[in-house]
Every structure is written in structure tokens, then in C-alpha cells.
Amino acid sequence: MTYNPEIERLRENITSIAKQTETVIVADNGSKNIDDIKKLLQHYNNVCLVELHSNKGIAAALNVIMQKASDCRVNWVLLMDQDSVATENMIAEMLPYVAKNVGIVSPVILDRNKGFKTKDTNDNAIIEVTTAARKGIITAGSLTNVCAWSRVGGFDEYMFIDYVDYDFNERLLLNGYKLLKVNRAKLIQEVGNAKPTWLYTPRKESDGSWKIERFYAFGHSPMRCYYKARNRIYYTKKYGKYVLNKMEGVYQIPIQMMLVLLFENNKHEKMKMFIKGVVDGTKKRVERYHPLCGA
């Protein structure tokens, strides 16, 4: 999925996966540089473009891709964002772990902004991720079960951006699907405009171990701050008792705001958008989610 991508990074992205998979679908959310995207895609013989013509959000673009895969009777889809690059054999490392009861198989993320450091040290580990949002699996690099996507209702398009992947994770977990992380599979990503700070915090890893880790400021836009607040409240309302004891969703908002005040630029505008997100999320009437029968 693309939205005003940096063309050279997109080239690197598509080249890395075009040789690892049969077909690549690019869902474009109304990019201003769509002509440059089309010109780039002419160099590949297994890439097709779906234009949404306006920015309908990450969730909508993901659903378009997954629906096309479902229509073509494809069972598993690798989801990527525009600034991620698959390492050699990444998909091959994950494929042995696809199964009917698995919702997502994911790689380890190597962040360019953090010096490509990986957190989990055991390359041979296959970790079952049991939390949706805290150390949850992100969209980029997620090998996703098309049947599971359809069964749990796809990606929630109201959320637009931020927490879209964690919301999807929660429904997969509630309906009995496993989320797996394969440490031998690696994805290179650039998470926002993350910058190192002086703060070091204890963080629990996917395998249950604890490490002291430097905190990186997010560098997200004011609009992203709006969705951070609004969607966390929406998520908490949507899942209620299932997430209230997990320190996910609404519990993260004060921490996010504090970190913005400590480490971010444009603090005033970002705090204003956090507050607007809180107000809109509080006003939003949300139907409580219930796991499917027989899950």
C-alpha cells in the first residue's frame, strides 16, 4: 500500500519481494506522485496497481489487497508498507509455519533508525505472540491468513491509521488463531522518524525476557497523534473486558502524551490533536465486540 511514497525506497521495497512471491499488489491511497509510481511499476512483470484515488486509510487499502487475494483463491498474503524492505529468503523462512489455526506469521523488525538492531537474540526461536498491542505484530512483513482475515471481519476501516494492526491482532487472538514470529526471518523497516533520547526503560521481549532499552522519540505528525488517542479509546470500548487488564488501548494515552512533551518538537500542536482525539474517541458510540461462535 502506498501514499506519497519516496520512489527509490519503494523501488527497493518492491524489488525485494517481487522475486520472492508470485504477484505483488500495490494499493495506492491517492498519492500525489502516482505518475512516478506507475512509471516505476512498468519495470516489473508481476506487479499490479489498484488505485483508490483518495486517501481512504491504511485499513481500507489492506482490505482491498486481501479481497483481491480472496477473489483469486490465494490462501496467504504478505502485507507490506511502502518503506519496508524484505531481506533475502524472508518469505521462505516464514512459510513452514503457515497453518489453518495460524492467523499471522511475522518476521523480526530491523529498524533503520535504530541501527538495524534486533531485540530477540535467538535466531532459531519461533515465538507465539499472545498480546495484540503490547509487543504485538505490526502489518509490515506480516504473512496473513486470508481465510482468518475474512472470518474475523477484516481490518477496521473506521480506524484509518494507527492501531489498525493491533485491532486485527486482537480479533485473531479472541477467535483462537495463533500469531507467530519467526526470528530467522528479517524485515528492514523505518519506523516513523524515530530519534534516540536519553531515556532508558525496561522492556519485556516477545519471549518473556526483560531488557533495558533506549527510548526513541516517535517523530509522528500531529494528525497521527489524533489517531493515536482516538483509536486507543475506540479499541478499549470495542473490546472491553478482553483488554482492560492488559495495559493496552486507553492506558497508553497518558504515556504517549508525556513522551511527546518530553522529547518531541511541535508539542503544542501535537498535544492539541491528542486532546481532540480523546474528545472524539470519548463521544464515539462503539458496538462491543464478541468472539465468533465456536471460536
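Helix axes are taken here as lines fitted to C-alpha atoms, for helices over the stretch in contact, with angles between N-to-C directions running from 0 to 180 degrees. With that in hand, the packing of helix α8 (residues 252-263) against α9 in this predicted model is easily described: the two axes come within 9 Å and cross at roughly 170 degrees. Since angles over 145 degrees count as roughly antiparallel, α8 is therefore roughly antiparallel to α9. On the α8 side, the contact is formed by I253, Q256, M257, V260, L261, L262 and F263, and these meet K267, K270, M271, F274, I275 and V278 of α9. Sorted by class, the residues of this contact are 10 nonpolar, one polar and two charged.

Helix α9 (residues 267-283) also packs with helix α7 (residues 222-239), here at an angle of about 25 degrees and with the axes 7 Å apart. Angles under 35 degrees count as roughly parallel, so α7 and α9 are roughly parallel to each other. The crossing of α7 past α9 is right-handed. From α7, the contact draws on P222, M223, C225, Y226, K228, A229, R230, I233 and K237; from α9, the participants include E269, K270, M273, F274 and K276, along with G277 and V278. The class make-up of the α7 contact with α9 is nine nonpolar, three polar and eight charged residues.

Attention now turns to empty space. Rolling a probe the size of a water molecule over the atoms shows where such space is left. The second largest pocket holds about 620 Å³. Its lining consists of 30 residues, and T21, T23, V24, I25 and V77 are the ones nearest the centre of the pocket. Two or more lining residues come from each of α1 (7-18), β1 (24-28), α3 (58-71) and β3 (76-79). By class, the lining of this pocket comprises 21 nonpolar, six polar and three charged residues.

As for enclosed space, one cavity of 30 Å³ or more is counted. The largest cavity contains about 40 Å³ of space, and the residues lining it are L79, I104, I137, I138, T139, S142, T144, F155, D165, F168 and N169. Both β7 (142-145) and α6 (164-174) contribute at least two residues to this lining, with α6 giving the largest share, three residues. Six nonpolar, four polar and one charged residues make up the lining of the largest cavity.

Terms used. Residues are numbered from 1 along each chain as its sequence is written. This is a predicted model: local features need pLDDT of at least 70, side-chain atom pairs count only at pLDDT 80 or more; totals for chains, interfaces and linings use all residues. Side-chain values use heavy atoms; hydrogens and water are left out. Helices (H or I, at least four residues) and strands (E, at least two) are DSSP runs, numbered from the N terminus. Angles under 35 degrees count as roughly parallel, over 145 as roughly antiparallel, 65 to 115 as roughly perpendicular and the rest as oblique. A crossing is left-handed if the near helix is turned anticlockwise from the far one by less than a right angle, and right-handed if clockwise. Contact means heavy atoms within 4.5 Å. Ala, Val, Leu, Ile, Met, Phe, Trp, Tyr, Cys and Pro count as nonpolar, Asp, Glu, Lys and Arg as charged, and the others, Gly among them, as polar. On a 1 Å grid over the protein atoms alone, a cavity is a set of points where a 1.4 Å probe fits but cannot get out, and a pocket is an open set with protein on both sides within 12 Å along at least five of seven lines; lining residues have an atom within 4 Å of a point. Grid points are joined across faces, edges and corners, and a volume is the space filled by probe spheres set on the points.
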